[in-house]
Number of protein chains: 2
Amino acid sequence: MAAVTIREVAEAAGVSVATVSRIASGSDYPVGARTRERVEAVIEALGYRPNQSATDLSRRDTHLVGVLAPDMANQYYAEVTRGIEDAAHEAGYQVLFSSTDRRKTRAETALEALLRRRVAALIILGGGDEVRLTRKQVASYGTEVVLIGRAGEDFPTVTTDGEQAGQVMAQHFIDLGHRHLAFIAGSRGSTATRLRLSGVRRAARAGGLTAPPVSRGGYTEQGGYRAARDLLANTTARERPTALIAANDRMAIGAMAAAHDLGLSVPDDVALAGFDDTPISAYVRPALTTYSLRSAQLGAEAMQMILDREEGETSIRHRTVDGDIVVRESCGAHRRATTP
Amino acid sequence: MAAVTIREVAEAAGVSVATVSRIASGSDYPVGARTRERVEAVIEALGYRPNQSATDLSRRDTHLVGVLAPDMANQYYAEVTRGIEDAAHEAGYQVLFSSTDRRKTRAETALEALLRRRVAALIILGGGDEVRLTRKQVASYGTEVVLIGRAGEDFPTVTTDGEQAGQVMAQHFIDLGHRHLAFIAGSRGSTATRLRLSGVRRAARAGGLTAPPVSRGGYTEQGGYRAARDLLANTTARERPTALIAANDRMAIGAMAAAHDLGLSVPDDVALAGFDDTPISAYVRPALTTYSLRSAQLGAEAMQMILDREEGETSIRHRTVDGDIVVRESCGAHRRATTP
DNA sequence: TTGTAGGCGTTATCAA
DNA sequence: TTGATAACGCCTACAA
């Protein structure tokens, strides 16, 4: 409380508030050298720091970007957010973050709070259905909105080509000779899951395989563990899938544990892969084959898009950030461990 | 831009701004039923949303809490932040966070920006030395400051007893019959590392072991991998440590990979443990023995402390959140895999 | 080069 | 129960 105001500085320095403002805000408005020196000394001495609320109000512009994500503690969202934050910091923006916890009510109050702050831009992560937006609604927000990892023709988006990712991964297994694939899905209604699965199915169809069975794992290790157990246990070796594709790394690692606990060897008895290229995936053994989404870059691109629009760019753009399959041990393509 | 203002609502509803304010801000000031109804309809129709900067300015109080952490993409900090965020959301606060990336300059600009926003409270995570605070300095901030995971008699802190944690972990291995421990440290200057190591040393001394060798791993999987390799390779079986204690789970998992790649079995040739109880640690195989820090609760406690002080509580408090050893497979205490 | 004063959108005090 | 109006702290024409 009771922070130093511009008026106090002005009085102490014996100048007007206008002069102090010009100096403190780093404006290029001309100020006498002697005056400047004196004022700067006072600012320093008093520890004056402009009140951002006042500045924003006066300038009609907050340098704030709001980020809405399902769960900040999730590695993927955390990385995307880091990407946003780095780019934001660079451009002089700050990040206001809210987790929705995948709950509709919480998503709504969080969104409301963000809008009251008059965030200059809003970045929405994840394809969940806890936040639903219509073009019209958003128009009334008066804020740039960018979607990451979610389809939405009406808004600017940054995504990886999820369908292609699924397709590439399935094809990789088919090329390795697999005929029985299975898919471990994330949560219901997730865009990422839907697209990846669609890609997997397409590859399977093209390769003449039967449609891969699907089990749901909610994007967690535990869910992946259970889904894999369902897929692998109580089946004869004949009908058991020989390759599991999980919609993210966390579930893939859970699946790996399940296979291990069932006495099945990875990749010999079951091959395995995930998505995200989480840092840890290179360090489990066998090392996890995965699909790199360049999470941080997704965030950086979104921020860049926002900056571009502020510059006058007006079209709705859809950026696609390239992903890449990262072949390690769990798919069985290599036979020996590689040292990172 | 051009968001609806209170004045526009007032005009449209044919009342004064004062009336609109009383309704929109949820004040309990009496307002006629008919008027209220009419105004609420206009608010709804126009999509009016109070400008928070203006509200804050007028009320001299932002409901913002700032969080400064080394790296939000790090699981531990992400979880603590989730804890803060949940408690904050509950209490009607929003969180503004910044990663310092462990760089001094970035920490400074981020801190400055947070202060300009007049955050009602500032929570600083991690024991790194990129942010150094003196009591006097902070007094001039005019903001509550709470430290998490960092010693600092001068400020309110929330910590786990790091020394005890290290001591407990080392004692666990000693009880299991180990005589040659080794420690994988995090980054230089880290409080967590210092305390845990100190606890490990104390237990070793008390148990009559020689001082454990230390290798540094920077808190990453890769660092842990390298540190473990240095500790385990090029040593005869006689002098090789039989148990590795890593200062966090990420390094422990890196160490596990290193052991595997060196053809050493965990826990039979080398036992292993980490700290943090990261979600993944239950799902690597062998499952990782670790020390649970209750990260989210650390954040929640910090937020609670802030709320208490706003209520008039004035003393500098030091909360210690209990931690617990989580015994799984990597330490060798169990012989068979347990299914989670 | 410096200062005066109006405005940014709300809240809150005081009258009516 | 309602309405003017003075803050809140800063920026920025416009004057001097």
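In this predicted model, helices α4(A) and α4(B) pack against each other with their axes 9 Å apart and at an angle of about 135°. Because an angle counts as roughly antiparallel only over 145 degrees, and as roughly perpendicular from 65 to 115, α4(A) is classed as oblique to α4(B). The residues that make this contact are A:S53, A:A54, A:D56 and A:L57 on α4(A), and B:S53, B:A54, B:D56 and B:L57 on α4(B). Sorted by class, the contact of α4(A) with α4(B) holds 4 nonpolar, 2 polar and 2 charged residues. As for the sense of the crossing, α4(A) passes α4(B) in a left-handed manner.

These two helices also lead to the DNA. In chain A, α2 (17-24) and α4 (52-59), and in chain B, α2 (17-24) and α4 (52-59), each supply at least two residues of the surface near DNA strand C, and α4(B) gives the most to that surface, with 4 residues. In total, 29 residues surround DNA strand C, and the closest are A:G32, A:T35, B:I6, B:S21 and B:S58. The residues of this surface divide into 12 nonpolar, 11 polar and 6 charged.

Which parts of DNA strand C do the atoms within 4 Å of the protein belong to? Sugar or phosphate accounts for 59% of those atoms, and bases account for the rest. Individual polar contacts illustrate both kinds of approach. On the phosphate side, a polar side-chain atom of A:T19 lies 2.9 Å from a phosphate oxygen of DNA strand C, and a polar backbone atom of B:N51 is 2.9 Å from a phosphate oxygen of this strand. On the base side, an N or O atom in the side chain of A:S58 is 3.5 Å from a base nitrogen of DNA strand C.

DNA strand D can be read in a similar way. It is surrounded by 29 residues, of which the closest are A:I6, A:S58, B:Y29, B:G32 and B:T35. Here α2 and α4 of chain A, together with α2 and α4 of chain B, each supply at least two residues of the surface near the strand, and that surface has 13 nonpolar, 11 polar and 5 charged residues. Of the atoms of DNA strand D within 4 Å of the protein, 66% belong to sugar or phosphate, while the rest belong to bases. A side-chain N or O atom of A:Y48 is 3.0 Å from a phosphate oxygen of DNA strand D, and a backbone N or O atom of B:G32 lies 2.5 Å from a phosphate oxygen of this strand. For the bases, an N or O atom in the side chain of B:R22 is 2.7 Å from a base nitrogen of DNA strand D.

A further helix pair belongs to chain A, where the axes of α10 (residues 221-232) and α11 (residues 249-261) come within 7 Å and cross at roughly 45°. That angle makes α10(A) oblique to α11(A), and α10(A) passes α11(A) in a right-handed crossing. On α10(A), the residues that meet α11(A) are A:E221, A:G224, A:Y225, A:A228, A:R229 and A:L232; their partners on α11(A) include A:R250, A:M251, A:G254, A:A255 and A:D261. By class, the contact of α10(A) with α11(A) comprises 8 nonpolar, 2 polar and 4 charged residues.

How values were computed
Residues are numbered from 1 along each chain as its sequence is written. Chains are lettered from A and ligands numbered from 1 in the order in which they are written. This is a predicted model: local features need pLDDT of at least 70, side-chain atom pairs count only at pLDDT 80 or more; totals for chains, interfaces and linings use all residues. Side-chain values use heavy atoms; hydrogens and water are left out. A residue is near a molecule or strand if one of its heavy atoms lies within 4 Å of it. A polar contact is a pair of N or O atoms within 3.5 Å; within protein, one must be able to donate a hydrogen and the other to accept it, and residues adjacent in sequence count only if both atoms are side-chain atoms. Ala, Val, Leu, Ile, Met, Phe, Trp, Tyr, Cys and Pro count as nonpolar, Asp, Glu, Lys and Arg as charged, and the others, Gly among them, as polar. Axes are lines fitted to C-alpha atoms, for helices over the stretch in contact, and angles run from 0 to 180 degrees between N-to-C directions. Angles under 35 degrees count as roughly parallel, over 145 as roughly antiparallel, 65 to 115 as roughly perpendicular and the rest as oblique. A crossing is left-handed if the near helix is turned anticlockwise from the far one by less than a right angle, and right-handed if clockwise. Contact means heavy atoms within 4.5 Å.
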